[in-house]
Amino acid sequence: MTEYVKIFDTTLRDGEQSPGFSLTTPQKVAMAIQLAKLGVDVIEAGFPAASPEDFAAVQRIAQEVRSPVIAGLARAVAADIDQCWEAIKDAEKPRIHTFLSPSDIHLEGPSLLRRAQAISKAVAMVARAKSYTPDVEFSPMDATRADWYYVCEILEAVIDAGATTVNIADTTGFAQPDEFGMMITYIREHVIDINQATLSVHCHNDLGLAVANSLAAIKAGARQVECCVNGIGERAGNAALEELVMALTVRRDHHQVEDGINLEELVPTSAMLQQFTGVLVQPNKAIVGANAFAHERGMLKDAQTYELAFSAAGTRNVLGRDAGQHALRTRLEELGLLLSQEELNHAFAGFKSLADVTNEVTDEDLKRLAQKGRRAAEGVFDAIGHVYR
Ligand SMILES: [Zn+2]
């Protein structure tokens with residue numbers, strides 16, 4: 001039987017807390033609704049203790065978004081956990097995700113004593129979270145730079161205290177794929193009762209390896225991956241959800257796991273985030289960039305056609321000559337191209353001229369028209385390439 005990997009989306013927590021990516025509460029709610037449509041298993045909606053605004057956004061998502069688990073992040077301190085529960089308690093499936101931060105541990109004294117203190121704190125806080133909800137996730141901070149034996153000790157203790165997910169964070173993006181896979185194998189071999197919990201990973205992209213590390217972890221038995229739409233997040237970001245999911249899909253023969261993602265929602269989800277944050281992905285960004293293959297219509301519809309994914313990348317979709325401006329805008333949005341009204345006017349004029357001479361305006365043509373529309377709006381060219389001034 002094929003095993004299932006949970007997709008844990010932290011766009012609204014790890015992604016949103018990084019500079020340049022902040023969202024308003026209504027935008028967060030809209031994004032969470034879209035993530036539910038995308039089919040993620042868990043939405044980490046925020047860090048309720050961080051600010052009253054964070055609290056309010058998490059609470060609204062917990063109240064309004066159904067189907068995925070709604071998780072709130074909390075440091076391993078009683079006040080954070082209590083506040084987190086207040087924010088998520090209306091969710092259909094609430095999860096408290098608690099983590100031990102280095103600042104919570106006394107750094108003086110012999111290391112054995114520090115370790116014992118950290119473990120007892122983690123155990124107490126997991127038990128506290130467990131008194132609110134059966135679904136509790138625990139992350140030891142910066143696990144990949146800690147000693148593996150110690151990580152196993154702490155995981156064993158928190159699973160015993162009731163943690164149902166244990167998450168290995170590569171907080172600084174330090175791990176290498178083969179090494180990270182070995183760490184996951186080590187944990188699976190050394191933690192008693194590891195099968196009582198879902199083993200999760202949270203990879204950062206400082207060396208451009210977040211997706212590779214996550215895939216290596218899945219190969220080694222991790223069954224939840226934490227990721228962000230468009231790979232946003234602290235510094236170089238988190239593992240990109242769309243890249244992970246497409247790797248798992250296109251190479252299902254290799255990874256041999258399933259997930260619950262609706263592939264046709266990948267591009268609209270990416271486009272929504274770009275629109276809300278104003279931060280566009282580069283055109284050559286894997287999967288969702290304007291030049292990338294995921295934009296070819298229909299190709300993503302059926303996961304079983306993954307072999308077609310590459311061969312279909314050369315296929316063409318067409319927009320008919322009588323298409324109106326609305327149809328053009330819709331198709332451009334599906335391609336991840338978000339144009340201002342002025343840019344769209346230019347692109348539409350270009351579309352009409354082109355449609356006059358050819359029956360088929362392809363997606364490739366549309367991408368060029370959109371680029372030209374943008375340049376035309378800057379006053380450089382009109383949309384069919386004539387110099388304005
Ligand atoms: Zn992170």
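Visitor: What follows H2, and what is the sign of its phi?
Guide: Gly39 comes after H2, with a positive phi near 100°. This is a predicted model, in which local features need pLDDT of at least 70, side-chain atom pairs count only at pLDDT 80 or more, and totals for chains, interfaces and linings use all residues. Residues are numbered from 1 along each chain as its sequence is written, and side-chain values use heavy atoms, leaving out hydrogens and water.

Visitor: What makes H2 (residues 25-38) agree with its expected span?
Guide: Helices are DSSP runs of H or I with at least four residues, strands are runs of E with at least two, and both are numbered from the N terminus. The expected span is 1.5 Å times one less than the number of residues. For the 14 residues of H2 that gives 20 Å, and the end C-alpha atoms are 20 Å apart, so the two agree.

Visitor: Why is His255 called buried?
Guide: Buried means under 20% relative accessible area, exposed over 50%, and partly exposed in between (1.4 Å probe, protein chains only). His255 has 13%, therefore it counts as buried. His255 sits in helix H10 (residues 252-255).

Visitor: What is His255 in contact with, leaving aside neighbours within four places in sequence?
Guide: Contact means heavy atoms within 4.5 Å. His255 touches Leu215, Lys219, Ala247 and Leu248 in this way.

Visitor: Which residues are the protein donors of the zinc ion?
Guide: Donors are N, O and S atoms within 2.8 Å of the metal (3.2 Å for Na, K and Ca); water is not among the atoms, so sites may look incomplete. Asp14 (OD), His202 (NE2) and His204 (NE2) lie 1.9 to 2.1 Å from the zinc ion. Both His202 and His204 are buried.
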